[in-house]
Each structure stands twice: as structure tokens, then as C-alpha cells.
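Student: Before we go through this model, I would like to know how each label on it is earned. Can we take the terms one by one?

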Amino acid sequence: MGIVLGIESSCDETAAALVDSGRRILAQRIASQDDAHRPYGGVVPEIAARAHAERLAPLIAATLADAGMELGDVDAIAATAGPGLIGGVMVGLVTAKALAMAGDKPLIAINHLEGHALSPRLADPELQFPYLLLLVSGGHCQLLLVEGVGRFKRLGTTIDDALGEAFDKTAKILGLGFPGGPAVERLAAEGQAANVPLPRPLLGSAEPHFSFAGLKSAVLRAKESGRYADADIAASFQQAAIDCVLDRSRKALELVTAPTALVVAGGVAANKAVRAALEGLAAEFGLPFVAPPLPLCTDNAAMIAWAGVERLGQSDPLDFAARPRWPLDPDAAPVRGAGVKA
Ligand code: KG4
Ligand code: ZN
């Protein structure tokens, strides 16, 4: 039995967790920075980095205490080493390096996206490789065939905004505050999608890529027209987003051979309407549908510790550099029209 301490600090959650190879989360703590960023309507990198630096060490101490453990009881230290806001990533990684050095433990540098991608296996021991993964977070929107630990084939990605970003921008347009995804989901439940016509970018196109910038602009025009109720706009936005996700995921399912399951992970996987739609699609293909429990969807350290468990036996050098960008499938061809996102 191995025990891994996981550290997450790539965006606006400071988090630590202890997970063992029996899939038990022995302890976990998350300090959200929502209040610090709310006045700005989005995550401010400098504020995030400072907050991580202040909070991380005591948070790790408290997490160990929760489990009644000391550093010596841990078999490895796993930390997000990218991609993400580089100041925050460096705080987490440097802390992990110090602990690894002080405790003479292996350091395991984790790709935050791999943390999301493997998180469904923490919750579901039955989930085997290869599976088709829809990874939808605030910074990423990808369809991947997960063939194994560290083995990913990217089938599709976004050419502009990520899906979580589209939810957040819609929330901003509708004055729902920050973070936006859950607020849009709540308001959408009270509205009628059919009342507001919105586009479905890239629907039906041959490769399973995504585009949400045009949808976001259409949401802005709908709001500015003054003709629609906010709840109807939210409902229509969410329905358009789901239609795109279903169409693109269906295309990806047609392209892969013998996946064991359709899996969703990342912050937007916490959306119940998105989950329900994908569950229906999986059933159409006769596949199991797997989504992590809600607290494992948004950023957390248990998924980083679990990725460390999946990599137990490996170790990374203490001069491993933090990576602002770190694609899961470095061989994926660049997408025409794609902006800076991986
Ligand atoms: O994975 P995550 O916590 O952080 C990143 O790695 O980006 O994802 C955060 C994103 C945000 O854009 C947030 O608005 C979105 O996930 N999100 C949701 C919901 N909960 C979080 N989007 C739609 N519905 C939700 N219930
Ligand atoms: Zn994330």
C-alpha cells in the first residue's frame, strides 16, 4: 500500500490531499480564493500566487494532521507542475520539492490535465484504459483517448474559448458574478431555451473540435437586445453548449475503436445537465458513462495525489521546471484557427 501527498495550486484553489493505492482519500483540504478574486470578476494571477504562498504550508500541515500522519508516513510527494498560472504552479512545485528533499521522498511532477483525466479512475475502480474522455474545464476543452498513464491521443480541442470560460463569460454578461458556471446552471434551470435562438458553432464538422467564441458573442447580443429574460438566455446558452458537446463527442466516439467507456472530467463535468446529456450519448453507443463525484470535478488535490499513485515508482528531478503550457498529447497536429490554448 502506498500513500501519496498531492498538492494543487495551478489556478485559484490551494489544495492538499493524502490518497492511498487502495483509492482511499485519507484527508483533503481545499482553500478557495473566490472571495479574493470576486471584485475583479476573474482570477488575478498575482493575487492567486500570493494567496497560495500564504496558505499552502499550513494547509499541508493540517491535511497531514487530519489523517494523523507525518511526512515520514508518506511514500511520495506529487504536485501540479503545469499547465496553469505560473506563479501559483511554482509555489506548489517548490513546496513539494522542499518536502521531498527534507523527507527524502520521491517527487512526482504531475500534469494538472492528467490529474483531471485520471480522476475518474480514483472514484471508479472498474474504469479501464482506453476510454474516451471529454475534458472540460476553465482553461481546456478537449476530447482525448486515454490509453494509459501518460498516454493520450487528442482527437479534438477548442479553436478559441474553453467551455468553462464560455460559462464564466456568460455569467459575467448576465451579471451573475464569479465563479460563473454553477450560477449559470442554477439560472438555466428556471428558463426556456427555445425562447432565445443561439448558434451552435462547428456542429457537424468532420473533426471533433470545438468553438465557443461565436456563442459567447451571440449571448452578449441577446442580452444587449433587451428582448429576452436572463433565465431564458442562460437556458439557451447551456442548451447550445450541450448540443455542441454532444455532437462533437458523438463524432469522437465514431473515430475511436473499442473504448471501454465515455468519461467526462474537469470543472464543467460538475454540471448536471451536461452529465445527463452525456449519459444519454453513452447509452446510444452501448457504453458505460463515468463522471467523478462533483467535488472531484473542480480543481482539487485528491486527483493530483491519485495521479501520483498511478505513477508510484517513478520520480522527477528536483530541478524539474514549472510549465505554463504542457499538452497531454504533444504529437497532436495544430488546429487551424486555434489561438494560444493547448
Ligand atoms: O477544472 P476547474 O475547477 O479549473 C480549471 O482547471 O480550469 O474548472 C473550472 C471551470 C470554471 O470555468 C467553472 O465556471 C466551471 O468549471 N464550472 C462549471 C460548473 N462548475 C464549475 N460550469 C458549468 N456548470 C457547473 N456546475
Ligand atoms: Zn482544473
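Tutor: Start with two terms: domain bounds come from an automatic or database domain assignment, and a pocket is, on a 1 Å grid over the protein atoms alone, an open set of points where a 1.4 Å probe fits, with protein on both sides within 12 Å along at least five of seven lines; lining residues have an atom within 4 Å of a point. This is a predicted model, in which local features need pLDDT of at least 70 and side-chain atom pairs count only at pLDDT 80 or more, while totals for linings use all residues. Residues are numbered from 1 along each chain as its sequence is written, and ligands from 1 in the order in which they are written.

Student: How do you know where the largest pocket lies relative to domain 1 and domain 2?

Tutor: Domain 1 (3-116 + 296-310) and domain 2 (128-295) both give residues to its lining, so the largest pocket lies between them. That lining has 48 residues, with Cys11, Ser137, Gly138, Gly139 and Asp168 nearest the centre.

Student: Which element gives the most to the lining of the largest pocket?

Tutor: α5, with 7 residues.

Student: What makes the zinc ion (ligand 2) arrangement irregular or regular?

Tutor: Donors are N, O and S atoms within 2.8 Å of the metal (3.2 Å for Na, K and Ca); water is not among the atoms, so sites may look incomplete. Here the protein donors are His112 (NE2), His116 (NE2) and Asp299 (OD), 2.0 to 2.1 Å from the zinc ion. Four donors count as tetrahedral if all angles lie between 85 and 135 degrees, and as square planar if opposite donors are over 155 degrees apart and all others between 65 and 115; anything else is irregular. The 4 donor atoms subtend angles of 93 to 143 degrees, so the arrangement is irregular.

Student: How are His112 and His116 placed along helix α4?

Tutor: A helix is a DSSP run (H or I, at least four residues), numbered from the N terminus. Being 4 residues apart in α4, His112 and His116 are separated by about one helical turn. The donor spacing is H-x3-H-x182-D.

Student: Is His112 buried or exposed?

Tutor: Buried means under 20% relative accessible area, exposed over 50%, partly exposed in between (1.4 Å probe, protein chains only). His112 has 7% relative accessibility, so it counts as buried. His116, at 0%, is buried as well.

Key
Heavy atoms only, no water. Helix = DSSP H or I, 4+ residues; strand = E, 2+ residues; numbered from the N terminus. Tetrahedral: all angles 85-135°; square planar, octahedral: opposite > 155°, others 65-115°.
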